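User: I've got this one open on my screen and would like a close look at a single part of it. Pick one piece, walk me through what surrounds it, and keep it chatty.

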Amino acid sequence: MVVSCQVIEHLKDVKTYLEDISKNYLKPGGIFICSTPNKLITSPNLRKPIMVFHIKEYTPLDLQEVLEKYFNKVTIFGQCANSKNIKNDINKLSYRQKILRVISQIEIVRMISRHLPMFIKYAFMGPLPDDRDATYVLCEDKQSIDRCEILIAKCET
């Protein structure tokens, strides 16, 4: 078994990464589990991901399609916080969030923000949500998966 949490969205060469896992690290019958942010939630309708270190974010369908090139069976799940359940309605974003979405698409802003200390980023973006008390569930139906922030794929050789 190989587990890869929140890695694939940072890679320029996804093909080599997945090829290497499927051919060199898994035996026949092996399982690859990976997780990644859901583009439908984190960066909907944007050309580039809001997170400046992400090269490509995936929708559930995008993830399914790329993984099926290297694995015999792929099952996509969504991970949702029970307390918030399903989040990020684009129409309910704050004014600050809407501005950040726009400026995150400007390449010079992306390059500069990669080098800023976290306290400066938090001044612009606000603090991270406190979800220590949240419980999480795996969603299996397409409608729920599309609305979950995290995608989890189970891939079998």
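Analyst: Two strands count as paired here if DSSP finds at least two bridges between them. With that in hand, let's look at strand β2, residues 31-37, keeping in mind that this is a predicted model.

Start with the partner strands. β2 runs parallel to strand β1 (residues 2-5), and four bridges join the two. If you want one spot to click on, take C5: its bridge partner in β2 is S35. β2 also pairs with strand β5 (residues 150-156), but that pairing is antiparallel and has seven bridges. Here I33 is a handy marker, since its bridge partner in β5 is K154.

Now, how does the chain get from β1 to β2? Helix α1 (residues 14-25) joins them in a β-α-β unit, and that unit is right-handed.

What about burial? Five of the seven residues of β2 are buried, so the strand is largely enclosed by the rest of the structure. F32 gives you a feel for that. Skipping residues up to four places away in sequence, F32 touches V2 and S4, then Y17, L18, I21 and L26, then L67 and F71, and finally A153, K154 and C155.

F32 also has a place in the largest nonpolar core, which has 23 residues; L18, F32, L63, L67, F71 and I76 touch the most other members. At least two residues of this core come from each of α1, β2, α3 (60-68), β3 (73-81) and β5. As a rule, nonpolar side chains in soluble globular proteins tend to be buried together.

Let's finish on α1, the helix of that β-α-β unit. S22 is one of the α1 residues, and at 13% relative accessibility it falls under the 20% cut-off, so it counts as buried. A polar atom of the S22 side chain lies 3.1 Å from the backbone oxygen of E19. Beyond its neighbours within four places in sequence, S22 is in contact with Y70, F71 and T157.

E19 belongs to α1 too, but at 28% relative accessibility it counts as partly exposed. Setting aside residues up to four places away in sequence, E19 touches N24 and Y70. F71 is 52 residues from E19 along the chain, yet their C-alpha atoms are separated by 9.2 Å. F71 ties back to where we started, too: it is among the residues that F32 touches.

Conventions
Residues are numbered from 1 along each chain as its sequence is written. This is a predicted model: local features need pLDDT of at least 70, side-chain atom pairs count only at pLDDT 80 or more; totals for chains, interfaces and linings use all residues. Side-chain values use heavy atoms; hydrogens and water are left out. Buried means under 20% relative accessible area, exposed over 50%, partly exposed in between (1.4 Å probe, protein chains only). A crossover is right-handed if, with the strands pointing away from the viewer, the path from the first strand over the helix to the second runs clockwise. A polar contact is a pair of N or O atoms within 3.5 Å; within protein, one must be able to donate a hydrogen and the other to accept it, and residues adjacent in sequence count only if both atoms are side-chain atoms. Contact means heavy atoms within 4.5 Å. A nonpolar core is a set of buried Ala, Val, Leu, Ile, Met, Phe, Trp, Tyr and Cys residues joined through side-chain atoms within 4.5 Å.
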